[in-house]
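Visitor: Could you pick a single part of this one and take me through it closely? I'd like to see how it sits with its neighbours and with the rest of the chain.

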Amino acid sequence: MACEGILLGMGNPLLDISSVVDDDFLKKYDIKLNNAILAEDKHLPMYDEMASKDNVEYIAGGATQNSIRVAQWMLQIPGATSYMGSIGKDKFGEEMKKNSTDAGVNVRYYEDEAAPTGTCAVCVVGGERSLIANLSAANCYKSEHLKRPENWKLVEKAKYFYIAGFFLTVSPESIMLVAEHAAANNKVFMMNLSAPFICEFFKDVQERALPYMDYVFGNETEARTFARVRGWETENVEEIALKISQCPKASGAHKRITVITQGADPVVVAEDGKVKLFPVILLPKEKLVDTNGAGDAFVGGFLSQLVQEKPIEVCVKAGCYAANVIIQRSGCTYPEKPDFN
């Protein structure tokens with residue numbers, strides 16, 4: 001059984017500002033659909049513009065936090081999951097704290113005095129989404145917070161660690177502290193490729209963490225970018241997943257398993273020199289509300305079974321179930337109780 005504090009996540013807590021927009025809005029701010037980027041100066045006015053829309057919603061987000069909240073929801077064991085990241089001392093920060101605590105997650109935020117809580121614009125067009133993150137306080141996480149005895153206790157208590165690749169842009173030092181602890185103590189350390197720009201522009205820090213990763217998650221676009229940046233001359237997702245699983249490891253305690261989602265196409269799982277494909281739950285187009293958080297939800301569902309030591313096919317099934325629930329709702333939200341068996 002999963003016990004209290006078994007799973008710890010670290011990442012960039014962002015308050016999602018989610019709104020349906022139109023093609024003119026995308027053009028105006030030079031946004032591509034199905035992308036995840038960091039905000040530049042040209043994007044900053046759009047947060048206020050979105051906040052003024054009638055259909056705007058505020059949801060506690062950030063990739064890792066989404067996955068941890070979904071895992072917590074699937075587990076239904078209060079405090080089974082913990083989460084660390086940095087927020088500002090403001091109303092968005094308070095909103096986030098309440099949101100995550102209500103979800104049953106044991107959150108330990110570092111509260112930055114100067115920067116406002118990070119936000120993420122979620123622009124939805126026809127069910128597809130694009131994410132533009134304004135990290136603000138999320139960018140200010142310090143490893144000193146992680147090293148505080150009361151917080152490091154959570155690291156010592158956890159047996160599984162999950163960190164989205166986005167956190168590589170903020171605190172690689174914190175990631176390595178957790179990764180080395182996991183390797184030294186035979187625990188499971190997991191990361192996500194998260195976005196093409198992480199694979200391209202943060203290759204060096206990603207490369208340092210890779211030997212410690214027991215599980216690597218990602219989608220097909222990220223996997224292809226990862227391969228291209230490393231000069232692997234293949235676009236074949238199954239081949240790429242296999243090659244990632246065979247990259248050198250820092251500890252021999254666990255083999256590496258690569259899990260790549262491909263939207264409506266089967267999930268690719270590479271382990272032990274073999275690739276398996278798992279079908280996803282197909283959804284009629286009219287039931288799709290928005291794809292925001294689908295990948296995060298998949299990981300959350302997967303982790304909820306992994307920490308219970310369920311076989312990989314059950315983990316994938318739970319991931320597909322959670323993603324299917326989330327894409328029928330606005331943002332990374334879910335009903336009160338899961339209906340997974």
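**A close look at strand β13**

Guide: Let's start with the charges: the chain has 36 positive and 45 negative ones, and their mean positions lie 5 Å apart. Keep in mind that this is a predicted model.

A bit more on the whole chain before we zoom in. It holds 13 helices and 14 strands. With a radius of gyration of 18 Å, close to the 20 Å that the globule rule gives for 341 residues, the chain is as compact as a globular protein of that length. The C-alpha trace spans about 50 × 45 × 40 Å along its principal axes. Of the 341 residues, 57% are buried. The accessible surface adds up to about 14400 Å², and carbon and sulfur atoms account for 50% of that. Now take the contacts between residues at least 6 apart in sequence: 73% of them join residues at least 24 apart.

The part I'd pick is β13, which covers residues 265-271. How much of this strand is buried? The count is 5 of its 7 residues, so β13 is largely enclosed by the rest of the structure. To count as buried here, a residue needs a relative accessible area under 20%.

β13 has a partner on the N-terminal side in sequence, namely β12, residues 257-262. The two pair in the antiparallel sense, with 4 bridges between them. If you want a spot to put your cursor on, try T258, which stands opposite A270 in β13. The link between β12 and β13 is a hairpin with 2 residues between the strands. In that turn you'll find G263, with a positive phi of about 60 degrees.

Carry on along the chain and you reach β14, residues 274-278. β13 and β14 run antiparallel as well, joined by 5 bridges. Here the pair to look at is V268 and L277, with L277 on the β14 side. β13 and β14 also make a hairpin with 2 residues between the strands, and in this hairpin D272 takes a positive phi near 55 degrees.

So much for the β13 hairpins; let's follow the pairing outward through β12. What does β12 pair with besides β13? That would be β11: 5 bridges join β11 and β12, and these strands run parallel. One bridge to check is N219, whose partner in β12 is T261. β11 spans residues 215-219 and is mostly covered, with 4 of its 5 residues buried. Going one step further, β11 pairs with β10, residues 188-192, in the parallel sense over 3 bridges. There, N192 stands opposite F217 in β11. Put together, you can trace β10 to β11, β11 to β12, β12 to β13, and β13 to β14.

While we're on positive phi, two loop residues elsewhere are worth a click. N34 has a positive phi of about 55 degrees even though it isn't a glycine. You'll find N34 in the loop between α1 (23-28) and β3 (36-38), and at 48% relative accessibility it counts as partly exposed. S136, likewise not a glycine, has a positive phi of about 45 degrees. S136 sits in the loop between β8 (128-134) and α5 (143-147) and is partly exposed, with a relative accessible area of 24%.

Two more residues will help you place the surroundings. T169 is in the loop between β9 (160-164) and α7 (172-184). Its contacts, leaving aside neighbours within four places in sequence, are N12, L135, N139, F197, I198 and F202. T169 and Q206 are 37 residues apart in sequence, with 9.6 Å between their C-alpha atoms.

I87, in contrast, lies within a strand, β5 (residues 81-88). Is I87 buried or exposed? Buried: its relative accessible area is 0%. Beyond its neighbours within four places, I87 touches a list of residues that includes P13, M96, Y109, Y110, T117 and A137. From I87 to H254 it is 34 Å, C-alpha to C-alpha, and 167 residues in sequence.

Note on methods. Residues numbered from 1 in each chain as written. Predicted model: local features only at pLDDT ≥ 70, side-chain atom pairs only at ≥ 80, totals over all residues. Heavy atoms only, no water. Buried < 20%, exposed > 50% of the residue type's maximum accessible area, 1.4 Å probe, protein only. Pairing = 2+ DSSP bridges. Rg over C-alpha atoms; globule rule 2.2 N^0.38 Å. Contact = heavy atoms within 4.5 Å. Areas by Shrake-Rupley, 256 points an atom, 1.4 Å probe, with all protein chains shown as cover. Lys, Arg positive; Asp, Glu negative; His and termini not counted. Charge placed at Lys NZ, Arg CZ, Asp CG, Glu CD.
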